[in-house]
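Biologist: I should like to learn how the features of a structure are read. May we go through one example together?

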Amino acid sequence: MSGTVKKVTDVAFKASKNIDWDGMAKLLVSDEARKEFSSLRRAFEEVNSSLQTKFSQEPEPIDWEYYRKGIGSRLVDMYKEAYDSIEVPKFVDTVTPQYKPKFDALLVELKEAEVKSLKESERLEKEIVEVQELKKKISTMTADEYFEKHPELRKKFDDEIRNDYWGY
């Protein structure tokens, strides 16, 4: 087997070990996202499995003697010579060096977006708790109690009253 194919299968196998599928699945919110994620995981595992089985084995050697007996040695020798002269070019990866810096930059950007998203989620969760508390208390709350939590509204209303602006 060529060293390149073996290397590709080894890298794919190692990459599959490093993927935190369960961790990523926990981040999904909708059922549709979960379905898409599971189909992505299945497709990845199928490709990885085929790489492991199909390309990790050496091809069976050709039994030239078998063909010499049936076809004739002159024709088989010609094919054997042509087969032996074939040189499979080594794969040279010219794409990864171009895209690796871009990918690394995207990873940094992703981490920053994740941090911002987590902060925003915390803020929104706090706001939800406040709104739920307000919803429970709104029927019995006085204006003074409301203005304690929202002093900017008290100032706005006081300014409007002072300036004789009654909304019409």
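Biologist: In which helix does Met78 lie?

Modeller: This is a predicted model, and in it Met78 belongs to helix H5.

Biologist: How is the packing of two helices described?

Modeller: In general, one states the angle between the two axes and the distance between them. Here, helix H4 (residues 64-71) packs with helix H5 (residues 73-85) at an angle of about 145 degrees, the axes being 7 Å apart. On the side of H4, the contact is made by Trp64, Tyr67, Arg68 and Ile71; H5 contributes Ser73, Leu75, Val76, Asp77, Tyr79, Lys80 and Tyr83. By type, the residues of this contact are seven nonpolar, one polar and three charged.

Biologist: Which residues make the nonpolar surface patch?

Modeller: The patch covers about 1100 Å² and consists of Ile62, Tyr66, Tyr67, Ile71, Leu75, Met78, Tyr79, Tyr83, Ile86 and Val88. H4 and H5 are the elements that each give two or more residues to it. The largest share, four residues, comes from H5.

Biologist: How should salt bridges be read, and with which residue does Arg34 form one?

Modeller: Side chains of opposite charge can pair when their charged atoms come close. The count for this model is 13 salt bridges. In one of them, Arg34 pairs with Asp31, with 2.9 Å between the closest N and O atoms. Arg34 and Asp31 are about one helical turn apart because they stand three residues apart in helix H3 (residues 31-54).

Biologist: Where does UniProt place the feature "coiled-coil region"?

Modeller: The unreviewed UniProt entry places it at residues 107-144. In the model, this span is 87% helix and 0% strand, and its end C-alpha atoms lie 49 Å apart.

Notes: Residues numbered from 1 in each chain as written. Predicted model: local features only at pLDDT ≥ 70, side-chain atom pairs only at ≥ 80, totals over all residues. Heavy atoms only, no water. UniProt positions renumbered as here; feature names shortened; annotations may be inferred. Axes fitted to C-alpha atoms, helices over the stretch in contact; angles between N-to-C directions. Contact = heavy atoms within 4.5 Å. Nonpolar A, V, L, I, M, F, W, Y, C, P; charged D, E, K, R; others polar. Patch = residues over 30% accessible without salt bridge, like charges linked within 9 Å, V, L, I, M, F, W, Y side chains within 5 Å. Areas by Shrake-Rupley, 256 points an atom, 1.4 Å probe, with all protein chains shown as cover. Salt bridge = Lys/Arg side-chain N within 4 Å of Asp/Glu carboxyl O.
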